[in-house]
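Please find below some comments on the salt bridges in this model. They are given as numbered points.

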Amino acid sequence: MVSSIFSMDLLNLLYKNSNDAVFFMEKINEKYRYIFVNDAAANLINTNPCGKTIEQVIPPHLAKTIIHHYNLTIEQNKQVEFEDFTYKKMNVRKQRTTTIPVVQDGKNYILAVTKDVSMSIELEDKYLFMRSLFSNSFLSTILVSNELQLLEANTTFLEEFNIQMEDASRISLLEMPFIDKKTAKKLKSYLKRARLGENVQSKMLFFIDKYNEQRCFTASFSSLTSNGENIAVFIILQEITEFVKQGQALRTASHGLEMFKNAISSLADVIFTDADGIIMDVNERVIENTGYNREELIGKPHHFLHSTYQSDSASMGYLQKVSKEEIWRDEVSNRKKNGDIYWVDSTMIPLKNELGEVEQFLMVQYNISSEKRLMSELYIIERNFRAITENTNDFIVVTDRYGKIKYASPSYSRKLGYRERELLGLPYDRLLKPESVPLWHDALNPKTVDVVEEQKIELLLYKKDKSTIWTEGNYTLTFDLTHHEITEIVMVSREITERKQLEDKLTYLAYHDSLTQLGNRRKLYKDFPELKTEADEADTCLAIFYLDGDNFKQVNDVYGHDVGDEFLIQFGNSLVHSVRNEDLVIRLGGDEFLIVLTGLSIYEKERSVQLAHIMDRIKENLQIGWMIRGVHFSPTASMGFSIYPKDSKSLDVLIDLADQALYKEKKSSVK
């Protein structure tokens, strides 16, 4: 017997032919043993694991994650969902698992349902676009997993550092020979920040190449995400070794502009300022790129070219910070004389004299406007790609920044019954049931728009006939990179009404006795904390009634188990009719029942009158009895009770005290 809640027949009926993998596990000590798996689950793990533990079947690094969430499910005594990713030859596989705790006869079980989640179209497009963009680039590019494994590297990177992918995949990226301990520490920090969604750009790192030479790179880190969860991190490396060497040489020389201009004047904008940040000289590229002549720039503060205003006091604090940190790098938005905006990768170096005092600042700026435009075009490509998927059954919608529909796929008309002209211009929240409106408004008004990332959302929609359907979707905010302003919201959803109904059914089965439909022990432990809180706030008491039907075994022996089952059902109904709606009636098992009575007086004398009245009503209703197959039954029951908080604040202790009181009553009645 698997469980009276989840019998083998019920599990087979619900899940045998399901495309989702279903596991039913029993917790034994600190391990989980497979009791039931359906065909999809057996195919997923390439074996029939029944009778074995998770550690005997699943690889250790995967088993650790699964066991953690199973333990969390039992500890919290509620349903838990989690997603994980696996990598295989650069293919990312995404899975979502739902776990439901089950308690039966004092034993803990887990019902787990795992399904493959298709990687979102926008994620696949982004990955493939980035991969194709950089595969033949002169820049070194790599893709790193959350476990710090090198998943992919372009030819430039592999050749520069004499790396074989087959060998590299066996060790952590931080343990590779071209990375020293200092660089490994920085790299680990940047990867962590990128995985958390931070825009990590222009970080200086030193690597050892295949000739054992130290080389300097600027590194940018981009998180590859799905449903708000990081999958991997792209790293783009641009070498600046020669530039750094020239900068170091320049600090020991006269610091004249001509020496440096001859080296990089064709590659970058070069600006010299004095120790107060006032522009002293610029190279010809600055003149050409900004439209200002030399006289218009000389004598101006260094932030004169910035597209946003910065006070002189803020600028001085900024220069002091640069002086302490030696070299500063960041991406900066500049404005030309004609008002056009352009982006630069800016490096500022303090030039010191022999006493270590800052005499000048050197600024070197690389124009990166084309890269910025490229990223903007990528967002547009993603949006347009989804907009042309007209034949999909998914719900695809594009709204403006205020939530008004600009485009809705034909599935909205097919499944919701609206005409296209009725949807265009309509605020999307008009389609939502009231409980889903706040979720949608949160999507329209994010706390930050610094990073474009996919978010998951479940919404309850009205059809035109006022019936409802559930949808689960992913939405992406697109915005103007120049003005940091949201322009559109793109959302792709699919209907999950049947899944929601099944989840509700499974949740009901998990919290109710399958015979009497009364709450079970799990429901008692779930609801009792709230009942305690209500009693504390109202300054009232609770009573735990422990009831045991007298001579129930005789009913089974004389009339059979079918009559015995109906007897238990009627017994439970009689208890429900004897108490109020706000009281909780639980079947613990067999002929044992428990009632939580609420709203009792804190004064013992008044409470005793209340309890006596309730016990009399229970006995009277049982005495009235019921008919089963022509036989009248009017049973009796033994009762014991304990009081919260007088006797204890612990539910386990209260149940034990009530059980002891029941035992004493039975013992005295025998005498």
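**Salt bridges and burial**

1. At 12% relative accessibility, Glu472 counts as buried, because the cut-off for buried is under 20%. The model is a predicted one, and this value is computed from it.

2. Glu472 has a salt-bridge partner in Lys456, with an N to O distance of 3.5 Å between the side chains. This pair links distant parts of the chain: Glu472 sits in strand E19 (residues 468-480) and Lys456 in strand E18 (residues 454-462), 16 residues apart. Lys456 has a relative accessibility of 30% and therefore counts as partly exposed.

3. The Glu472 and Lys456 pair belongs to one network, in which salt bridges that share partners join Arg96, Lys456, Glu458, Glu472 and Arg499.

4. A second pair is Arg294 with Glu284, where the closest N and O atoms are 2.9 Å apart. Arg294 lies in helix H12 (residues 294-297) and Glu284 in helix H11 (residues 284-290), so their salt bridge ties together parts that are 10 residues apart in sequence. Arg294, at 25% relative accessibility, counts as partly exposed. Glu284 also counts as partly exposed, at 44% relative accessibility.

5. Are the partners Asp209 and Arg215 buried or exposed? Both Asp209 and Arg215 are buried. Their side chains meet in a salt bridge with an N to O distance of 3.3 Å.

6. For context, the structure holds 27 salt bridges. The pairs discussed above are among them, including Asp209 with Arg215 and Arg294 with Glu284.

Key. Residues numbered from 1 in each chain as written. Predicted model: local features only at pLDDT ≥ 70, side-chain atom pairs only at ≥ 80, totals over all residues. Heavy atoms only, no water. Salt bridge = Lys/Arg side-chain N within 4 Å of Asp/Glu carboxyl O. Buried < 20%, exposed > 50% of the residue type's maximum accessible area, 1.4 Å probe, protein only. Helix = DSSP H or I, 4+ residues; strand = E, 2+ residues; numbered from the N terminus.
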